[in-house]
Amino acid sequence: MIHLDKVSKVFHKKNGRVVALKEVTLHIEKEDIFGIIGSSGAGKSTLIRTVNLLERPTSGHIFWDKVDLATLGDKALIQVRRKIGMIFQQFNLLSSRTVYENIAFPLELVGTRTEVIRDKVERLLVLVDLLDKKDEYPANLSGGQKQRVAIGRALASDPEILLCDEATSALDPHTTRSILALLKKINRELGITIILITHEMEVVRAICNRVAVIAQGEIIEQNDVESLFLNPQTQVTKDLLNPSLRID
Ligand SMILES: Nc1ncnc2c1ncn2[C@@H]1O[C@H](COP(=O)(O)OP(=O)(O)OP(=O)(O)O)[C@@H](O)[C@H]1O
């Protein structure tokens, strides 16, 4: 479905250049829950942002069902982006809008009729289990509830792919479990392909079927999740599997 072919990204800074991605090649099948794991600075955010071209690669290609996204004009790219939802660690909700209004926002932007918006938002509120909070403002919600709003808003455009940028990293373990369960339900019931980045193996173990390990901008290992856990090939992966807070 999504194929990244030798994607590289170089940032130019005043004091030099940073190679954030080095010839990353990945293949993500429809309805995968594909995890990309790595430690801080490994290139995870840059990588996930190239999938919808929020970050343009310096070289390489991103294919969606054989269409090279980098060759699309602005109009076609907007259409493609509507099919790729995204959620973030910090939720990125609109603070002056209620839960209902946040979820309705992408539909309003494209001029959807009010009755259609009402039906759809009500359905999404049920899906993300927030019907009783629909008139609350984000400031009055817990982190988990905020992420549910963000998921509802991302689903409003009927995406085929959902990108999750450290979506549970700001949440406690119990809330993390409930958000991961919701993502799994969305994948199973709506057939949405999920690409998630994380620095936590437990997140990968909980919901992913495939995983790629990134270190210093390079994919150093990729496999189905069970095989990776049973037979890690690199020291980086072993360290991610056995995190230790010991200070020598
Ligand atoms: N806009 C930018 N300009 C310059 N350098 C950047 C930019 N964005 C990222 N980088 C650099 O690219 C490298 C990869 O960063 P990236 O944010 O993709 O890593 P990450 O794995 O998501 O890290 P973290 O988990 O800490 O968010 C880092 O060295 C970072 O400093």
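This passage describes the strand pairing and helix packing of a predicted model.

According to the UniProt record, an unreviewed entry, the annotation "domain: ABC transporter" covers residues 2–241. Within the model, the end C-alpha atoms of residues 2–241 are separated by 27 Å. Helix accounts for 39% of this span and strand for 28%.

An open sheet is formed by 4 strands in the order E2-E1-E4-E5, and their pairing is antiparallel. The edges of the sheet are occupied by strand E2 (16–28) and strand E5 (67–68). Each of these edge strands has a single partner strand, so one side of E2 and one side of E5 are left without a neighbour in the sheet. In general, the strands of a sheet pair through backbone hydrogen bonds, in either a parallel or an antiparallel manner. Strand E1 (residues 2–13) runs antiparallel to E2 and is joined to E2 by 9 bridges. Leucine 4 has leucine 26 in E2 as its bridge partner. The connection from E1 to E2 is a hairpin of 2 residues. Helix H1 (residues 44–51) lies across E1, E2 and strand E4 (59–64), and its direction makes an angle of about 125 degrees with E1.

Two helix pairs share helix H5. In the pair formed with helix H3, the axes of H3 (residues 99–109) and H5 (residues 143–155) come within 7 Å and cross at roughly 30 degrees. Because angles under 35 degrees count as roughly parallel, H3 is roughly parallel to H5. The crossing of these two helices is right-handed. On the H3 side, the contact is made by Val99, Asn102, Ile103 and Pro106, and on the H5 side by Val149, Gly152 and Arg153. By residue class, this contact of H3 with H5 comprises 4 nonpolar, 2 polar and 1 charged.

In the pair formed with helix H6 (residues 173–190), the axes of H5 and H6 come within 10 Å, with a crossing angle of roughly 20 degrees. H5 and H6 are therefore also roughly parallel to each other, and H5 passes H6 in a right-handed crossing. H5 contributes Gly144, Gln147, Arg148, Ile151 and Leu155 to the contact, while H6 contributes Thr175, Ser178, Ile179, Leu182, Leu183, Ile186 and Leu190. The residues of the contact of H5 with H6 divide into 7 nonpolar, 4 polar and 1 charged.

Key: Residues numbered from 1 in each chain as written. Predicted model: local features only at pLDDT ≥ 70, side-chain atom pairs only at ≥ 80, totals over all residues. Heavy atoms only, no water. Axes fitted to C-alpha atoms, helices over the stretch in contact; angles between N-to-C directions. Parallel < 35°, antiparallel > 145°, perpendicular 65-115°, else oblique. Left-handed = near helix turned anticlockwise from the far one by under 90°. Contact = heavy atoms within 4.5 Å. Nonpolar A, V, L, I, M, F, W, Y, C, P; charged D, E, K, R; others polar. Pairing = 2+ DSSP bridges. UniProt positions renumbered as here; feature names shortened; annotations may be inferred.
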